Amino acid sequence: NSLIVVLFFAHYCKMCHQANIPYKKMAYSFDPQEVQFTRLETSVMTSQQLRNLGISRVPFLQLYRNGICVASFSTRWRLEKQLRETLQACQDRSVSDWVAFCNQFDNEIEMNKKARQRLRAEASNLTPKENEERPLVRTLTTELQLLQAIDDSSNPTSNTMTVVMFHSHFEQSSYRAQHQYRKIAEYYFDETVGNFSMTRMEVSVLSDDTLQGLGIQKFPHIQVYKDGKCAASFSIPQSFVFSKIVHNSLCSIQDRTVSQWQDFWALHKKDVATIGEFLDDIRQRTKYHPSSMEMSA
């Protein structure tokens, strides 16, 4: 009888960022065995796919039970109230109530089910190359994924540097920086321009100790990793200079010669070592191994 809640949101939508706050608070207040809270950024789907699912605007909520969509509605100002009332109604329904509900909304349920079947079919028809195509900006949701992204910069065959933007849904400056960061990612997506792997991470998934250990205090915060080591770490709370500072920094970093890198590592040896030691602590705590994304039991 467990429920799955899906919040469809867009990074450009101010209302979505405001909705994230009560949504996260609710996620912490429910037993995950009874209600699971998930989010989906709508840019990964086409407008037709969204319409097929019945999603007309963002933020938008859908609830699923036993593989069936049992609630679907747009929410703007009263997300918490609407969602709590809907969850309570679902939890209070008896078996006979659910049978009556499915009979009443049979057409809507079937339309949603067919839309999801088409999504599965479209995904399965992708060629391996299309499935493996790297996204403009990869979203990191766990410490484990952060460690893997950092270790990717140690790959001698790709010579790729990893850029991480740490942002907060609670900060207006982070909201404005999202679009600019994506534009920068589009520019560096062409490997002839620069070998950068662009990633982002919402800081609510990290503990205060982790943020402090990484030297992150204000948002958005940019870190660049080369050879598994932090080559740059800076905050840009002023959104009007965000794009210029990030772009100039990346250009400067990729233009360094071997001797300039040697001088840089020597000059910032202490700061680099401090972050490196903290990352090693995370590796030990999570039992992470660079060659695998699996975590020991």
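## Thr-75 and its surroundings

Leaving aside the neighbours within four places in sequence, Thr-75 is in contact with Pro-59, Leu-61 and Gln-82 in this predicted model. Thr-75 belongs to the loop that runs between strand 4 (68–74) and helix 3 (79–92), and the side chain of Thr-75 reaches the backbone nitrogen of Leu-79 at 3.4 Å. Because its relative accessibility is 1%, Thr-75 counts as buried.

## The chain as a whole

The protein chain has 12 helices and 9 strands, and its C-alpha atoms fill a box of roughly 75 × 40 × 40 Å when the box is taken along the principal axes. Of the 297 residues in the protein chain, 42% are buried. Among the contacts in the protein chain with a separation of 6 or more, 69% are between residues 24 or more positions apart.

The accessible surface of the protein chain comes to about 16,700 Å², and carbon and sulfur atoms account for 51% of that surface. The protein chain carries 34 positive and 32 negative charges, and the mean positions of these two sets are 6 Å apart.

## Ser-153 and Gly-228

Ser-153 is found in the loop between helix 7 (143–152) and strand 6 (161–167), where the side chain of Ser-153 reaches the backbone oxygen of Ile-150 at 2.5 Å. The relative accessible area of Ser-153 is 2%, so this residue is buried. When neighbours within four places in sequence are left aside, the contacts of Ser-153 are Thr-160, Met-161, Thr-162, Tyr-225, Lys-226, Asp-227 and Gly-228.

The last residue named there, Gly-228, lies in another loop, between strand 8 (221–226) and strand 9 (229–235). Not counting residues up to four places away in sequence, Gly-228 touches Ile-150, Ser-153 and Ser-154, so that Ile-150 appears both as a contact of Gly-228 and as the residue whose backbone oxygen is reached by the side chain of Ser-153. Gly-228 and His-268, which are 40 residues apart in sequence, are 15 Å apart in space from C-alpha to C-alpha.

## Aromatic pairs

A pair of aromatic rings is described by the distance of the centres and the angle of the planes. The count of aromatic pairs in this model comes to 9. One of them is the edge-to-face pair of Tyr-23 and Phe-37, with 5.4 Å from centre to centre and 75 degrees between the planes. This pair links distant parts of the chain, with Tyr-23 in helix 1 (residues 14–29) and Phe-37 in strand 2 (residues 35–41), 14 residues apart. Tyr-23 is buried, with a relative accessible area of 3%, and Phe-37 also counts as buried, at 18% relative accessibility, because the cut-off for buried is under 20% relative accessible area.

The rings of Trp-261 and Trp-265 have their centres 5.3 Å apart and their planes at 25 degrees, which means that this pair is stacked, since planes under 30 degrees apart count as stacked. Trp-261 and Trp-265 are separated by about one helical turn because they are 4 residues apart in helix 11 (residues 258–267), and both of these residues are buried. Elsewhere, Tyr-23 and Phe-37 form one aromatic cluster together with Phe-30.

Conventions. Residues numbered from 1 in each chain as written. Predicted model: local features only at pLDDT ≥ 70, side-chain atom pairs only at ≥ 80, totals over all residues. Heavy atoms only, no water. Helix = DSSP H or I, 4+ residues; strand = E, 2+ residues; numbered from the N terminus. Buried < 20%, exposed > 50% of the residue type's maximum accessible area, 1.4 Å probe, protein only. Polar contact = N/O pair within 3.5 Å; in protein donor to acceptor, adjacent residues only side chain to side chain. Contact = heavy atoms within 4.5 Å. Areas by Shrake-Rupley, 256 points an atom, 1.4 Å probe, with all protein chains shown as cover. Lys, Arg positive; Asp, Glu negative; His and termini not counted. Charge placed at Lys NZ, Arg CZ, Asp CG, Glu CD. Phe/Tyr/Trp six-rings, centres within 6.5 Å; stacked < 30°, edge-to-face > 60°.
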